[in-house]
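Hi everyone, and thanks for making time for this. I'd like to walk you through a structure that may be new to you, so please have a look at it as I talk.

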Amino acid sequence: MSNALSVLVVGAGVAGIAAATALDRRGFSVDIVERRTQSPAGAGLFLPGNAVRALTELGLGAVLDADAAPIRTQRLLDHRGRELADIDMAQLWQGVAQPVGITHDRLRSALVDNLGLTIQAGVTVRELTESESGVEVSFSDGSSGHYDVVVGADGVHSELRRIVNPDAGVRYAGQICWRFVTANTAGIDNWTVWLGRGTTFLAVPVGKDRLYCYADLSTPEPAAVGAQLAQHFSHFDDQVRGLLAAPEAAGAYVSVIEEATDPTWRTRRVVLIGDAAHASSPTMAQGVAMSVEDALVLAESLCGSGEIEQRLERYRQRRLPRTQWVQARARRRDSTRSLAPAIRNTVLRLAAPRIYARDYGLLRAQP
Ligand SMILES: Cc1cc2nc3c(=O)[nH]c(=O)nc-3n(C[C@H](O)[C@H](O)[C@H](O)COP(=O)(O)OP(=O)(O)OC[C@H]3O[C@@H](n4cnc5c(N)ncnc54)[C@H](O)[C@@H]3O)c2cc1C
């Protein structure tokens, strides 16, 4: 079979745009629909070396060089700002790529500019019927189409996942978080995290004097927390309290952290990628990396030989171990949040570089 398969990508987040780009480049006939008409107010992203490598392969290297902030160190502090460890990024990602921080908006606009296709915005899938000959899709705007493959890139609350496995849901990962971007008046020049008891505050430069701030809180009951961000961090370092006094903190974007772990991922012709397939707690900061790697591997797999179902299975087999590793490491890291801070701090002072090398070592290899 030639590459001239027709593919529908549902969802134009990072995963969907990356997939549409990679498939279009390989000669597939691609449509991409997005139910929103405007992209959501994004915050920031930390992109480890493997994310930068995958985005560079997609064609975004120059944008990352120009508009993202290079991250040379991951600095771990206790809640009072006392140093626990510094992780050297050049060493951790040697031979892969320099990690960066970037705003979500800038990454998305660069992905859209890099995509040679128009995203059909304000459109979603109304009905989808699979048969031997392909997938019949009717859309919310009244149009319809016939596709060889449908890619579900519709995020953690994926509707396509219900088609793939009606029993697959998402699991609350135990944290609620707040995100905002503010001026970097504090001059923070590296990824810096302050670790409290069940609370984390992270600041990441994201280019042009902007700072991405992420705060989270472990709680069994997210609904009971309320949005009183600053009060949860009132005992933290001055620098954290200063950042939480920024006007943007009042409008912080609040999210409940969830993960998707069902490994089914596909039917004969519908396949999931990105958060729809394997959303994880963000503790490993691997969401973009896994999504763009999925996109590249899916495009490569679909170019291979055999029935479409076999090609989709090859994609799944290749991606499952890596994404499950990320989820397992994220879960393990999250479980240390319940440790007494004195124990956790001692472990980090003694072993943080080794823990980082172990957690990320496997991800240095090509996907
Ligand atoms: C708090 C938090 C912090 C994070 N921090 C980082 C980080 O620092 N670094 C990192 O690499 N990753 C991070 N991530 C993860 C990362 O943002 C995602 O993994 C990545 O953006 C890929 O998302 P996606 O494209 O799969 O899904 P989404 O971004 O959710 O995109 C899905 C798209 O599909 C659309 N859609 C949904 N349903 C339909 C439908 N039925 N029809 C049409 N369109 C539809 C949505 O509107 C949306 O545009 C973080 C995640 C969270 C929650």
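Let me start with a question: which residues of helix 5 (residues 104-114) are buried? They are His104, Arg106, Leu107, Ala110 and Leu111. Before going further, please keep in mind that this is a predicted model. As for what lies over those buried residues of helix 5, the cover includes helix 1, strand 3, helix 3 and strand 7.

Let's take helix 1 from that list. Helix 1 and helix 5 pack with their axes 10 Å apart, at an angle of about 20 degrees. Angles under 35 degrees count as roughly parallel, so helix 1 is roughly parallel to helix 5. The crossing of helix 1 past helix 5 is left-handed. On the helix 1 side, the contact is made by Val14, Ile17, Ala18 and Thr21, and on the helix 5 side by Leu107, Leu111, Val112 and Asn114. You may recognise Leu107 and Leu111 from the buried residues I named a moment ago.

Helix 1 also packs with helix 11. Here the angle is about 25 degrees and the axes are 8 Å apart. That angle makes helix 1 roughly parallel to helix 11. What is the handedness of the crossing where helix 1 passes helix 11, left or right? This crossing is right-handed. From helix 1, the residues that meet helix 11 are Val14, Ala15, Ala18, Ala19, Ala22 and Leu23. Their counterparts in helix 11 include Val288, Ser291, Val292 and Ala295.

Now for the strands on either side of helix 1. Strand 1, helix 1 (residues 14-25) and strand 2 together make a right-handed β-α-β unit. Strand 1 (residues 6-10) and strand 2 run parallel, and five bridges join them. If you'd like one pair to find on the screen, Leu8 has Asp31 of strand 2 as its bridge partner.

How covered is strand 2 (residues 29-34)? It is mostly covered, with five of its six residues buried. Strand 2 also pairs with strand 8 (residues 120-121), again in the parallel sense, over two bridges. There, Glu34 has Ala121 of strand 8 as its bridge partner.

There is another sheet to look at. Three strands form an open sheet in the order 3-7-4, and their pairing is antiparallel. Strand 3 and strand 4 (69-70) are at the edges with a single partner strand each, so each has one side without a neighbour in the sheet. Strand 4 and strand 7 run antiparallel and are joined by two bridges. Across from Gly101 in strand 7 you will find Ala69.

I'll finish with helix 2 (residues 49-58). Why is helix 2 described as largely enclosed by the rest of the structure? Because seven of its ten residues are buried. Those residues are Gly49, Asn50, Ala51, Val52, Arg53, Ala54 and Leu55. What do they pack against? The buried residues of helix 2 pack against strand 3 (44-47), helix 3 (61-67), strand 7 (100-103) and helix 11 (287-302). So some familiar elements come back here: strand 3 and strand 7 from the open sheet, and helix 11 from the packing with helix 1. One last detail is Gly59, which follows helix 2 and has a positive phi, near 115 degrees.

Thanks for listening, and do stop me afterwards if you'd like to go over any of it again.

Definitions and conventions:
Residues numbered from 1 in each chain as written. Predicted model: local features only at pLDDT ≥ 70, side-chain atom pairs only at ≥ 80, totals over all residues. Buried ≥ 20, exposed ≤ 12 C-beta atoms within 10 Å, placed from the backbone. Helix = DSSP H or I, 4+ residues; strand = E, 2+ residues; numbered from the N terminus. Contact = placed C-beta atoms within 7 Å. Pairing = 2+ DSSP bridges. Right-handed = clockwise from strand over helix to strand, strands pointing away. Axes fitted to C-alpha atoms, helices over the stretch in contact; angles between N-to-C directions. Parallel < 35°, antiparallel > 145°, perpendicular 65-115°, else oblique. Left-handed = near helix turned anticlockwise from the far one by under 90°.
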